[in-house]
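Subject: Structure handover

Hello,

Here is the structure I promised. Please open it first, then read on for what I found.

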Amino acid sequence: MADEKYIPRLYGRQQDKPLKPRQARLMETLLPRIAVPVDGPIDPAALFPQAEEIHLEVGFGGGEHLAWQAAHQPKAGFIGAEPFVNGVGKLLGLIDDEDLDNVRVHHGDARPLLEALPDACLARIYVLHPDPWPKKRHHKRRMISPWFFHEATRLLKSGGELRVASDIRDYIRWTLMHAQNADAFEWTAERAADWKDRPEDWPQTRYEAKSLREGRTPSYLVFRRK
Ligand SMILES: C[S@@+](CC[C@H](N)C(=O)[O-])C[C@H]1O[C@@H](n2cnc3c(N)ncnc32)[C@H](O)[C@@H]1O
């Protein structure tokens, strides 16, 4: 996939305000215990010896969706990747509050993490409200890409799910176009409600709440790995 390789550079903010003291403390104490190192191949069974399946969230923002999923599926293991330090701090707070023992965190770019995971190790991938990069010259920065679908094809088990949400119509079109070119995936929607209504096991994210307040309408795409 050399020709489709992502640009190995992160765009967008990685910190806004200073961390709250508790979050700063959790970065020092909790994060080292649950961090996923991306300095070589990752063995998911070593990360989650008891888990029946493993899910990955790319760009978890404040972590509310990831923490909710982890609390509602205690038999699954969850890996979250997020470069934004304030988001990582928020997720650590939720993990600590709810005593979650099935979450591992990569504080950084999700893309090398994806490449370090072995084939067919995931049951689900979530990409919720990825940065839209609306300008055409910035489309190469979008997370959803031929490279991403190549990795998702490799990483998801047969029958696994890729969930993508966006409130940007062009990003939804873009995702559907790339999914159509990815033979291993089928879009599960059969009627408009399947992509217009958020499923019950898919809690609202912080970004989505803001988007609704501002009058935008999210869409929810679910693709199945054939
Ligand atoms: C618009 S926000 C959405 C956050 C969250 N998913 C939500 O719905 O509230 C996009 C997120 O993707 C993260 N992000 C951007 N590039 C990323 C990358 N290469 N790997 C992982 N996360 C990334 C950003 O830091 C940001 O938190």
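Start with helix α5. Its buried residues are G87, V88, G89, K90, L91, L92 and I95. They pack against α1, α2 (31–34), α4 (64–72), β2 (76–81) and β3 (103–106). Keep in mind that this is a predicted model.

The length of α5 is close to expectation. The helix has 14 residues and spans 20 Å from first C-alpha to last, against the 20 Å expected at 1.5 Å a residue. Right after α5 comes D99, with a positive phi near 55 degrees.

Now the helix pair. Two packed helices are described by the angle between their axes and the distance between the axes. For α1 (residues 21–29) and α5 (residues 85–98), the angle is about 85 degrees and the axes are 9 Å apart. The two helices are therefore roughly perpendicular to each other, since 65 to 115 degrees counts as such. On the α1 side, the contact involves R22, Q23, L26 and M27. On the α5 side, the residues are G89, L92, G93 and D96. This α1–α5 contact is made up of three nonpolar, three polar and two charged residues. G89 and L92 also appear in the list of buried α5 residues.

Next, the sheet. Strands of a sheet pair through backbone hydrogen bonds, either parallel or antiparallel. Here the pairing is mixed, in an open sheet of seven strands. The order is β3-β2-β1-β4-β5-β7-β6. β3 and β6 are the edge strands, and each pairs on one side only. On average, neighbouring strands of this sheet are turned by 20 degrees against each other, direction ignored.

Here are the pairings, strand by strand:

- β1 (residues 53–58) and β2 are parallel, with six bridges. H55 sits opposite F78 in β2.
- β1 and β4 also run parallel, joined by four bridges. V58 is opposite V127 in β4.
- β4 and β5 are parallel over six bridges. R124 has E161 in β5 as its bridge partner.
- β5 (residues 156–166) and β7 run antiparallel, with six bridges. A165 faces Y220 in β7.
- β6 (residues 185–187) and β7 are antiparallel over three bridges. F185 has R225 in β7 as its bridge partner.

Two strands deserve a closer look. β4 is mostly covered, with seven of its seven residues buried.

The other is β7. In a regular strand the side chains alternate between the two faces of the sheet. Which residues of β7 (residues 219–225) point to the buried face? They are S219, L221, F223 and R225. Y220, V222 and R224 point to the other face and are not buried.

Now the loop between β4 (122–128) and α7. H129 is found there. Its phi is positive, near 55 degrees, and H129 is not a glycine. Is H129 buried or exposed? H129 counts as buried, because 21 C-beta neighbours lie inside 10 Å and the cut-off is 20 or more. W133 is found in the loop between β4 and α7 too. W133 also has a positive phi, about 40 degrees, although it is not a glycine. W133 has 18 C-beta neighbours inside 10 Å, so it counts as partly exposed.

Two single residues remain.

T153 lies in helix α7 (residues 146–155). T153 is partly exposed because it has 17 other C-beta atoms within 10 Å. Leaving aside neighbours within four places in sequence, T153 is in contact with A182 and A184. T153 and L94 are 59 residues apart in sequence and 31 Å apart in space, C-alpha to C-alpha.

P49 lies in the loop between α3 (44–47) and β1. P49 is exposed because it has 8 other C-beta atoms within 10 Å, and the limit for exposed is 12 or fewer. P49 and G77 are 28 residues apart in sequence and 9.2 Å apart in space, C-alpha to C-alpha.

Best regards

Methods:
Residues are numbered from 1 along each chain as its sequence is written. This is a predicted model: local features need pLDDT of at least 70, side-chain atom pairs count only at pLDDT 80 or more; totals for chains, interfaces and linings use all residues. Axes are lines fitted to C-alpha atoms, for helices over the stretch in contact, and angles run from 0 to 180 degrees between N-to-C directions. Angles under 35 degrees count as roughly parallel, over 145 as roughly antiparallel, 65 to 115 as roughly perpendicular and the rest as oblique. Two residues are in contact if their C-beta atoms, placed from the backbone, lie within 7 Å. Ala, Val, Leu, Ile, Met, Phe, Trp, Tyr, Cys and Pro count as nonpolar, Asp, Glu, Lys and Arg as charged, and the others, Gly among them, as polar. Two strands pair if DSSP finds at least two bridges between them. The expected span of a helix is 1.5 Å times one less than its number of residues.
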